[in-house]
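Visitor: Please take me closely through the interior of this model, and set it against the rest of the chain. Which residues have the most contacts inside the largest nonpolar core?

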Amino acid sequence: ADLLQVNFSRMEKMHSLGDQSMTLGLLYSLVGVGCYLGPVVWNKCTPHNEKILFSRIVISYSNIMFSFIVMYFAHNIYMVMLATAIRSFGSATLWTYSTLLIQSMVPTNMRGRMFAFENSVFTLCSIVSYFYCGALFDFLHLNEWEVCFVLSIGGFLMLSFWIFLYLTLYQRTKSSNEN
């Protein structure tokens, strides 16, 4: 998404609120707004039990997928800004709630190692995603909208995986409660 924001900020048709640096600054500021609002809004309306936290992670993945779909249809900076805020809202909620799940599900004597592992995997995934997105631009010569489409498919796959996990966990829990 960061590479997309840089590329969108370079497009003259996206400069209705200012030049390239102003456009990129606005997009980055909306990352901050979305990252702040996501967890704050959900915390106001979400009890902190594992099932609800897990469901909010699933919803966050739908936010991310939906944001790339909005960006795919973006024909002006306002749509890119909206997509950026939606994505950041979902990303921050996803990270916050997955951290809360780790705290609640992992035994105390393993949490430090688990958080270290989580941070390592996050860093590795960030690096891979930058290379992946860069390859889509540089080697496959996709434009911004095509990259958004590919990323929305990736978001759909992740969403599907987490829905499967949620349903598997919920069905297993529901079945064991019935016994």
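**The nonpolar core and its surroundings**

Guide: Read from the N terminus, the elements of the chain follow the order α-α-α-α-α-α, so that the secondary structure, by the definition of helices and strands used here, amounts to six helices and zero strands. The model is a predicted one, and its C-alpha atoms, taken along the principal axes, fill a box of roughly 60 × 35 × 30 Å. Of the 179 residues in the chain, 37% count as buried, and among contacts between residues at least 6 apart in sequence, 70% join residues at least 24 apart.

Within that framework, the largest nonpolar core holds 35 residues, and those with the most contacts inside it are Leu4, Phe8, Ile57, Tyr61, Met71, Val80 and Val147. Two or more residues of this core are given by each of helix H1 (2–10), helix H2 (20–45), helix H3 (50–72), helix H4 (77–105), H5 and helix H6 (144–178). The largest share comes from H3, which supplies 10 residues. As a general background, nonpolar side chains in soluble globular proteins tend to be buried together.

Two of the residues with the most contacts in the core, Met71 and Val80, can be followed together. Val80 lies in helix H4 and counts as buried because its relative accessibility is 0%, where the cut-off is under 20%. Not counting residues up to four places away in sequence, Val80 touches Phe8, Met14, Leu27, Met71 and Ala74. Met71, with its neighbours within four places likewise left aside, is in contact with Leu4, Phe8, Val80, Ala83, Thr84, Trp145 and Cys148. Phe8 thus appears in the contact lists of both Met71 and Val80. The C-alpha atoms of Val80 and Ala116, by contrast, are separated by 34 Å, although these residues are 36 residues apart along the chain.

A polar counterpart in H3 is Arg56, which at 15% relative accessibility also counts as buried. Beyond its neighbours within four places in sequence, Arg56 is in contact with Trp42, Cys45, Thr46, Thr93 and Tyr97. One of these, Tyr97, is 41 residues from Arg56 along the chain, and the C-alpha atoms of the two are separated by 7.5 Å.

Helix H5 offers another way to check the model. For its 28 residues (residues 111–138), a rise of 1.5 Å a residue should give a span of 40 Å, and the end C-alpha atoms are indeed 40 Å apart, which agrees. The buried residues in H5 include Glu118, Cys133, Gly134, Leu136 and Phe137.

After H5, in the loop that leads to H6, comes His141, and this residue counts as exposed because its relative accessibility is 63%, where exposed means over 50%. Most residues other than glycine have a negative phi, whereas phi of His141 is near 55°, a positive value in a residue other than glycine.

As for the outside of the chain, the accessible surface comes to about 10,400 Å², of which 69% belongs to carbon and sulfur atoms. The chain has 10 positive and 9 negative charges, and the mean positions of the two groups are 15 Å apart.

Key:
Residues are numbered from 1 along each chain as its sequence is written. This is a predicted model: local features need pLDDT of at least 70, side-chain atom pairs count only at pLDDT 80 or more; totals for chains, interfaces and linings use all residues. Side-chain values use heavy atoms; hydrogens and water are left out. Helices (H or I, at least four residues) and strands (E, at least two) are DSSP runs, numbered from the N terminus. The expected span of a helix is 1.5 Å times one less than its number of residues. Buried means under 20% relative accessible area, exposed over 50%, partly exposed in between (1.4 Å probe, protein chains only). Contact means heavy atoms within 4.5 Å. Accessible areas come from the Shrake-Rupley method with a 1.4 Å probe; for residues, only the protein chains shown count as cover. Lys and Arg count as positive and Asp and Glu as negative; His and the chain ends are not counted. The place of a charge is taken as NZ of Lys, CZ of Arg, CG of Asp or CD of Glu. A nonpolar core is a set of buried Ala, Val, Leu, Ile, Met, Phe, Trp, Tyr and Cys residues joined through side-chain atoms within 4.5 Å.
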